[in-house]
Number of protein chains: 2
Amino acid sequence: MARKKEYLEEEVIVKAMNLFWRNGYETTSMQMLEKEMGINKFSIYSSFGNKKGVFLESLKCYKQKLNKLINQLKTSENGIAGLKQYFYDFIEFTKETEFGKGCLITNTANEIGEDADEKIKDALTKFTDDVKQVFIQILKQDKTKDNATIEQQADFLIISMFGLSSATRIFNKIQLYNYIENIFKNN
Amino acid sequence: MARKKEYLEEEVIVKAMNLFWRNGYETTSMQMLEKEMGINKFSIYSSFGNKKGVFLESLKCYKQKLNKLINQLKTSENGIAGLKQYFYDFIEFTKETEFGKGCLITNTANEIGEDADEKIKDALTKFTDDVKQVFIQILKQDKTKDNATIEQQADFLIISMFGLSSATRIFNKIQLYNYIENIFKNN
DNA sequence: CCCATAACTAAACGAGTGTTTAGTTATTAA
DNA sequence: TTAATAACTAAACACTCGTTTAGTTATGGG
């Protein structure tokens, strides 16, 4: 019927995701996205609607990437040891391609305010809740713990994870490892 | 010799600091600063040079504010218990006037990248180091600990503090208290 | 082959950014 | 009282932002 697209949306969004990951939402401009994604502004807008659309799609893309780690954790049967491994794996994940990018989700949560876009806030909340549920699932491998304890420990681990994400942007590996060891000291 | 200033720099900078604290560095515009500080752009520029100047002065101002907590910790002789109290006090500090502002230092550290302004990065690093030194001083109250242990624990506490600051923007008090209790569990 | 149509290019949009500057007002030493 | 000067007001600066749009190019069904 008409001309064909010269790019794949699932390919260019990966590049957009990496740009947002490195620079944050506000700092990443349409101009930068244009250059990094390798397509014209017109194409970006026709594929993703607007900047927010590109970002929301980038969040989905990030989630897929992180899911490899999450799935490893899900299938782990080592209880707390598996969780600890997830924390270590996460450090490598954040340092995979570049130093000090942190976690896209945490970075965004730290960047936006209360009056931020609802869809973005929802995506972040949902992401956090999903991870917490996996934590709970692993913690329940220990049948001796009651639900209240599990809930408390899951909350603690989620916040610790949140802190770790921020910390990867600033502290060195020795300090980060030391942090993880202290978190899991009494288990 | 000439006309007198109609404002006090130490007064208007407090207002600027609160604005940066609420909105972050980039999001806070000169227009917003003008309105919040109650003085004209010309006056802002003649008093502080530029936006960065206003921010650096705001950081000093924040440090003074936080010093009340730090000094309480410094004079504490309760060892770990004093540190734990500092963590609790810090939560109240971040929620003093408004919900979910976090910590200006941590917020800034999370916002800026590696290529950010050197003076700002230096100010943040110095701030963190100073707090760590106070942590070390308190930890040394326990004479049985060797220097390596103290260094490790101080690093752990600094990163935990960093995580707590971020967490205050998102998690509720029960979760935060639970986080602190878990941090200090084995002491 | 041709034309409807989707995808491309590139320029322009209005609004907002940090910063500067020309012009006015008020103060005080001489 | 006056002249020098610092502090004020407000408009303009050049630039970037996210977004739109007019014009061009390529595709494929009839």
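How many residues of chain B are in contact with chain A? In this predicted model, for which local features need pLDDT of at least 70, side-chain atom pairs count only at pLDDT 80 or more, and totals for chains, interfaces and linings use all residues, 26 residues of chain B are in contact with 26 residues of chain A, two residues being in contact if their C-beta atoms, placed from the backbone, lie within 7 Å. Residues are numbered from 1 along each chain as its sequence is written, while chains are lettered from A and ligands numbered from 1 in the order in which they are written.

On the side of chain B that touches chain A, two or more residues are given by each of α6 (104-111), α8 (147-167) and α9 (173-183) of chain B, where helices (H or I, at least four residues) and strands (E, at least two) are DSSP runs numbered from the N terminus. The largest share of this side, 9 residues, comes from α8(B). By class, the side comprises 8 nonpolar, 13 polar and 5 charged residues; here Ala, Val, Leu, Ile, Met, Phe, Trp, Tyr, Cys and Pro count as nonpolar, Asp, Glu, Lys and Arg as charged, and the others, Gly among them, as polar.

Chain B is superposed on chain A by a rotation of 180° with 0.0 Å of shift along its axis (RMSD 0.0 Å), the fit being made by least squares on the C-alpha atoms of residues with pLDDT of at least 70 in both copies. That is the relation of a two-fold axis. Among the residues of chain B, Gly163(B) comes closest to the rotation axis, at 1.8 Å (C-alpha). Because 100% of the interface residues of chain B are also interface residues in chain A, the copies meet through the same surface.

Turning to the DNA, 24 residues lie around strand C, of which Ala2(A), Glu6(A), Asn40(A), Phe42(A) and Ser29(B) come nearest; a residue is near a strand if its C-beta atom, placed from the backbone, lies within 6 Å of it. The surface near strand C receives two or more residues from α3 (41-48) of chain A and from α2 (30-37) and α3 (41-48) of chain B, and α3(A) gives the most, with 4 residues. This surface has 9 nonpolar, 6 polar and 9 charged residues.

Around DNA strand D there are 24 residues, and Ser29(A), Ala2(B), Glu6(B), Asn40(B) and Phe42(B) come nearest. For the surface near strand D, α3(B) gives the most, with 4 residues, and the residues divide into 9 nonpolar, 6 polar and 9 charged.
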